[in-house]
Amino acid sequence: MRIAIIGVGYVGLVSGACLADAGHHVACADSDAEVIALIDQGQMPVFEPGLAALFTKNRQAGRLSFGSDITAAVKGADIVCIAVETPARRGDRNADLSLVWEAAELMAGALPQGCVIAIKSTVPVGTADDVEQFIRELQPALDFAVVSNPEFCREGAGLHDFRHPDRIVIGSSD
């Protein structure tokens, strides 16, 4: 299966490396050129025991790639995971969804027919519906589905948590 991961923070890197290790072809993309440069040098921008070795193994096997071109990562993907940061905004402490909207806009024109968009970022209830409506406005003829699939990885135990989850949550109207 071909999977694109948008966002190479903690959730994106752990998910990408584990999915590649399961045999999938994973293209990870992030608009932050500095983070991509670090990864290209083999340095992990987050701490997770075993992640660097898993990254190297799957990159050498040709199952894991990284870049800053989000549209290129999305082309031909069966599943696109949005794993961008959603920090609490100052003042109202609500989730800042600006990177979710940026990812949706950048990938909308490159999404293949029949793909599934999985939102792994921590977002408020209803965000998947809003993302679906937004992309449908940009690409009305596109056949796709948006699902909510939040990640429950603890930092320092993320690889184990991803491979052995204590719960799996998937929400979809499709």
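Confidence runs high on paper here: the chain averages a pLDDT of 92, with 100% of the residues scoring at least 70 (pLDDT being the predictor's confidence in each residue, from 0 to 100). Among the elements of the chain, strand 1 (residues 2-6) has the highest mean, 98, and helix 2 (residues 33-40) the lowest, 90; helices (H or I, at least four residues) and strands (E, at least two) are DSSP runs numbered from the N terminus. This is a predicted model, so local features need pLDDT of at least 70 and side-chain atom pairs count only at pLDDT 80 or more, while totals for chains, interfaces and linings use all residues. Residues are numbered from 1 along each chain as its sequence is written, and side-chain values use heavy atoms, leaving out hydrogens and water.Turning to helix packing, helix 1 (residues 10-21) sits against helix 3 (residues 51-60) at about 50 degrees, their axes 9 Å apart (axes are lines fitted to C-alpha atoms, for helices over the stretch in contact, and angles run from 0 to 180 degrees between N-to-C directions). That angle makes helix 1 oblique to helix 3, since angles under 35 degrees count as roughly parallel, over 145 as roughly antiparallel, 65 to 115 as roughly perpendicular and the rest as oblique. Leu13, Val14, Ala17, Cys18, Ala20 and Asp21 of helix 1 touch Leu51, Leu54, Lys57 and Asn58 of helix 3, contact meaning heavy atoms within 4.5 Å.

Helix 5 (residues 98-108) and helix 6 (residues 127-138) pack at about 30 degrees, with axes 10 Å apart. On the helix 5 side, Val100, Trp101, Ala104, Glu105, Met107 and Ala108 meet Asp130, Val131, Phe134, Ile135 and Leu138 of helix 6.

As for charge pairs, the whole structure holds eight salt bridges (a side-chain nitrogen of Lys or Arg within 4 Å of a carboxyl oxygen of Asp or Glu). One joins aspartate 40 to arginine 59, with the closest N and O atoms 3.0 Å apart. This pair links distant parts of the chain, aspartate 40 lying in helix 2 and arginine 59 in helix 3, 19 residues apart.
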